[in-house]
Structure formats: structure tokens, C-alpha cells
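Q: Please take a close look at chain B in this model, at how its domains meet and at what it presents to its partner chain. I would like one connected account rather than a list.

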Amino acid sequence: MKMLPDCHSCGSRNPDAVSAKAGSYTKGIGFLFSQETLDSRFHGNDIFGAKLKIIGLVFFILILISPLYAFSEQKELLIGLIPEENIFKQMDRYRPLAAYLSEKLGIKVRLTILSKYGDVIDRFASRRMDGAFFEAFTANLAMVKLNVEPIARPMNLDGTSTIKGYIFVRKDSGIKSIKDMKDKIVVFVDKATATGYVFTIAFFRENGVRDIDSYFSEYYFTGSHDSAVYAVLDNRADIGSAGSRFYQRIIDKDPAIKNELQILATSQEVPDITLCIRRDLPPELKLRIKEVLLNMDKDPTGKEVLKKFGALRFISAGKADFKPVFDLAKKAGIDIIEIR
Amino acid sequence: MTGNIPYYNEMHHAFVSKLQREGYADNVKIIIQKPYPDPISWSNAVRKLVAADVDLIVTYGAPATLSAVRERIKIPIVYSGVYEPIAKGIKSKNVTGISFRVPVSSLIRYLRGVTTVSSLGVIYNEAEEDSVHQLMELMRLSEQYGFEVEKIRLKRPEDANRMLSYKKTDAIFITSSSLVNMAADSIINIAKANRVPTVSLLSGTTGSEAIITLSVKPGEQGEKAAEKVIKILNGIPAERIQAESSRGTELIFNMKEANAMGLRLSMDLITEATRIIK
């Protein structure tokens, strides 16, 4: 427990106390929890003095639950987004969340879209990002390469916080097995996606296809899950792979599509998009970010933001959640530590 | 080759170029027939080629292919540019080729992204089975998506102006019929003047382009047909050469005309388009 500084407004002795709210976060926390000192202030018989102290206490509590306090060393938070869908749609979803975090943290939260999945690690470091919403494989990669820490991930509107990989074809394609896939065109999302590449490669290897260059006539990357689904729908590719959430969203938008596509393989569940942050951020800031996210659904404004984001709430995330992704990468013959 | 449409001309150009590149230009004589799109003309064209004692017949498009198959000739036939649902029905041993599969439903989805479709005019030719198949598919989709299909049966290319003048629809679907595509420029221009968006299954290559086109590249199909012809010329029987479905589907968005017509700019379409005309 930290020492409790005094304050002019409640009659305490430390003249620096008020400014502490705009100073370091550690001082603010110290104010609230120094119960011994607070108790001693209410032991006197001076009713006026007691009132002042009560007002002071309320004031400090208000300070602590409001966003007025800031993190002196941290001027802003730069959060990266993986381009998992149409970037305009994606920014529409994330902007309200960034604004909400800015307000609650008292620090400007800026968003930046990484140009593609593959350069996530380099760009995270070169642009000095503080965190990013990573998909499962890139989160794994970032934990290994950047030592980031997973803190929270959204619970989707259907109550899930995980995602599965799908391998799908058009129903009228005649493709039913790996044998039928020979010399066909495959579309992936990006090399650095668990559901849009790693799972698919693992599936191919488990079914005897170790060299995709020779087995398929062509393969390419669309850069987004939606595009992978549309490429198969339009017959621009024969076999596609994408995350279940994106696949389902397209079907929800146009249920007729369900009659046109056939899912041939489904991966095990892996964590959906997860906010991972730099391990060396101030501990109090990390704690506060997590608190704000995990409590959004209890706050009317937070609820509105969640609605726009397309989530019920945020839940806590941890490193152990990502074990299935390590396993998947292993099956795909991908050594995360060796990836450059 | 039915009619004289840019799509088949480009396919043929790619076919001949491939033969030339592979060294078959000097020892292969090509006789071209361009029958008018009607059953008698197709049949006569095939019979003329049989009378000319050709070693092999190459057909472009479903109607010409089906006419050749129905003549029950023994000469090997290599088809190209045949709508896959029709190609699947061809079972003759002396026939092989390359078909294309373009989902009509995808075109409807993209169309609904740029405009509200309550009524869809479908221009087709009753004599061309691929065109009729597409009409039937659109009628099935109309129930799913809740729009009315206005059948526009074209008998002659020059009738396009008259047929469209009294049909008021929200959009026009140009099927892969050769006869309809002979009138494609007129159809697109009339629709443009009336601010009605058009969608097409065959790219216009040199002519006008519909607002949205989902089409298989004709050049690729021509080259594939040439590869099969070379195999036959080298003594491999047609029945041992597997028929295949073509690749290289293009999604073309004519953004220039869409803007001029004040249509919605669909982000899905802009993102997915393989070619945007600005």
C-alpha cells in the first residue's frame, strides 16, 4: 500500500495532493486505499471538519472513477488493427471503442490499420505501437516475438469468444474430398492467420498434401476473410478458407448463400480477436485498460459502444488460451519461433 | 463460332495464337463458319464442315456445340466457352472441351449492392439452351430475393431497341446468348440512356461494358481449347482428353457508368472487383 498524500481540499497536510491526480497514477491509487489515514481524519469532534473530510473523500473517489487522472509518461496509446475485413467497415466498428477508451483512460487512443497481416510484427515495433487487436495466430506470434500480453477479447453477439476455421467450396463444384481438390485453385486469407491459412495447411498435411505448389493449380491470398468467401462464391477460386465469424456474417446478411456453399472441414476453436498490449506499459495503465474493457457492459455508454462494435462484452484473455493455436501451427509444420 | 461477337472473336484469336506458338500454324488449315444464331444455321454450318472433310471441329459457345453433337458425327469435337450446366449434359465420346461456370447468383448479389431491384429484365434467346438455363436460374433466385423477372425474348439483334422501349425494369440481365450479345452494345446504350443498370455474363472485350460483368476470360478458354486440339492432332483420342472447367473468372465493375447513373457505390463490389473501369 502506498503512503497517503495530504490534500488542501480535505484538510490534509500534503500540499501536493491535488496535483497528484494529474500526476502519477500510483499517487492516485495511494489516496484511495490508505484506510488508516482516512480513519484518523474522522475521529475528531469537529462536525464542520468532518463534513469537509467527507466532501474531500467524495471528491477523491470521484477523481478516481473519472477519467480526469492521467498517466504522465503515457501521452497516448497507439493500437493496431489487423485488416481482417473491409477496412472501412472495420474502422466504423473500432472508432467508437477507441473514443470510449480515450474518455475512460484520459489518454488519447489512436488506431492504425496494419497494411496486411504479414507485416504485423515489424510494424508493431517500427511504429512503436502500444497494443493491437490480433487474430489468434498473430497474437501467438506477437507473444513470442514482441513479448506482448493478451488482456481481453470481445464476446461476440452469439455468445462466443472463439473462432473456427472453415474450408469450403461451392456445392455445385463437385469437390467433396482432398482427392477432388487436385489441380484446383485455393484461396487463403493471409499467411499469418490461424483460420484463413494455418488450419488449412494443417488440414492439407493431415490428408497427405505436403506441397501445395504442386498439388493445386494455383493458390492466392485475398487479405480478408470476406474476400475469400466471395472468391469461392463467384467461382474465382475453387476452395476457400476463412474464419467462422466472417463466414457466418456473410450468410446472415444473405441467407441464400448457405445453399451455395459447403463446409468441408472445421478447425478446433481458437481465441477470436484479442487485445494484446506491450508488457512494459505502466502496470496501472494495463490494469486500467483491462478494467475499462471488462466493465463496459455495465456502463450504458459502454453498452452502446459494444453494440456498435458487435460484441456483448469483453472477457479476460490469457496466454494459456492460445495453446490450440500452437498445436495447429505445429500440425501445419510452422515453427512460430523460427518465423521471420 | 456463333454470330460475330467480341467475346468469341477474342477466344478464337487466343486459340490461333496458341497453335502458332506451338508450331502448328503451317500444317493446320482453319475453316471458319460464323452461323447466325438459329438452329438451322448452326446445323448447316456443321454439315458444311463435314462436307469439307475436316479432321476436327472446334465450337465456341453452347448452341454451336450442341448442334455439332446432335449431328452424330464421328469427327472429334473440341468445344470452348460452353456454360457448364450445359456442358455437363454432353456425353459423346468424340467430344471434349472447356466450359465455364459463372454463378448467376453472384451477379444478382452485386447488383443488389448498387441498386434496389424489384423487377429484373432478362434478355434471352429461346433457341440457346444456356440462355434459357440462366433465365430459369434467375426465376428461381427471384423467389429467394423477392424481385419480379420480366422475360425479354429477343428473336433478332435489331429488335433490341423496340423490345426494351416498352419494358420498364430496375435492371437488365444480359444472358450469355450469342444473339443477345450481338445486340449487347445497343442494349447497354439504351439502358444507359434510361439510367437502368445492366449486368452481363460475357465481357464486352472491345465493345460496351455492362455495369457489372462476371465472366470467364475468353483468351484462357481459347488457349485451353488449342491445347486439346494439339493433343488430338498428336493422336490422342478425344475421349481420353478430360473435359475441364475454366478458371480466371473476372469481376468487372464499370464505375464510370455507375457514377454517371447515380448508382450506389458498393464497397463489396469495389473490394472484390478484379477490374474497375474508371
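A: What follows goes through the contact inside chain B, then its contact with chain A, and ends with a look at chain A itself. The model is a predicted one, and the features described below should be read with that in mind.

The domain assignment divides chain B into domain 1, made of residues 6-101 + 217-248, and domain 2, made of residues 104-215 + 250-277. Taken over C-alpha atoms, the centres of domain 1 of chain B and domain 2 of chain B are 27 Å apart. Where the two touch, domain 1 of chain B contributes 19 residues and domain 2 of chain B contributes 22 residues. Together domain 1 of chain B and domain 2 of chain B bury about 1,600 Å² between them, and 65% of that area lies on carbon and sulfur atoms. On the side of domain 1 of chain B, the three residues that supply more of the area buried against domain 2 of chain B than any other three are B:Tyr7, B:Pro37 and B:Tyr83, with 32% of it.

As for polar and charged pairs, the count between domain 1 of chain B and domain 2 of chain B is one salt bridge, and there is likewise a count of one residue pair in polar contact, with both residues at pLDDT 80 or more. The elements of chain B that give two or more residues to the side of domain 1 that touches domain 2 are helix H1 (6-21), helix H2 (39-51), helix H3 (62-70) and helix H4 (84-87). Sorted by kind, the residues on this side of domain 1 of chain B are 15 nonpolar, one polar and three charged. Within chain B, a salt bridge joins B:Arg70 to B:Glu129, whose closest N and O atoms are 2.5 Å apart.

The contact between the chains can be described in the same terms. In it, 18 residues of chain B are in contact with 24 residues of chain A. Chain B and chain A bury about 1,800 Å² between them, of which 38% is on carbon and sulfur atoms. Of the residues of chain B, those that lose the most area to chain A are B:Arg101, B:Arg109 and B:Arg247, which together account for 35% of what that side buries.

Between chain B and chain A the count is six salt bridges, along with twelve residue pairs in polar contact in which both residues are at pLDDT 80 or more. A salt bridge links A:Lys253 with B:Asp268, the closest N and O atoms being 2.8 Å apart. The side of chain B that touches chain A takes two or more residues from each of helix H5 (104-114), helix H6 (129-145), strand S10 (249-254) and helix H12 (267-272) of chain B. The residues of this side of chain B divide into six nonpolar, six polar and six charged.

Turning to the partner, chain A has 14 helices and 13 strands, and 54% of its 340 residues count as buried. Among contacts in chain A between residues at least 6 apart in sequence, 76% join residues at least 24 apart. One residue of chain A may be followed in detail, namely A:Arg93, which is placed in helix H5 (residues 87-105) of chain A. A:Arg93 counts as buried because its relative accessibility is 13%, where the cut-off for buried is under 20%. Leaving aside residues up to four places away in sequence, A:Arg93 touches A:Glu84, A:Glu85, A:Arg245, A:Lys308 and A:Phe309.

Methods. Residues are numbered from 1 along each chain as its sequence is written. Chains are lettered from A and ligands numbered from 1 in the order in which they are written. This is a predicted model: local features need pLDDT of at least 70, side-chain atom pairs count only at pLDDT 80 or more; totals for chains, interfaces and linings use all residues. Side-chain values use heavy atoms; hydrogens and water are left out. Domain bounds come from an automatic or database domain assignment. Contact means heavy atoms within 4.5 Å. Buried area is the accessible area (1.4 Å probe) that two parts lose on being put together, summed over both. A salt bridge is a side-chain nitrogen of Lys or Arg within 4 Å of a carboxyl oxygen of Asp or Glu. A polar contact is a pair of N or O atoms within 3.5 Å; within protein, one must be able to donate a hydrogen and the other to accept it, and residues adjacent in sequence count only if both atoms are side-chain atoms. Helices (H or I, at least four residues) and strands (E, at least two) are DSSP runs, numbered from the N terminus. Ala, Val, Leu, Ile, Met, Phe, Trp, Tyr, Cys and Pro count as nonpolar, Asp, Glu, Lys and Arg as charged, and the others, Gly among them, as polar. Buried means under 20% relative accessible area, exposed over 50%, partly exposed in between (1.4 Å probe, protein chains only).
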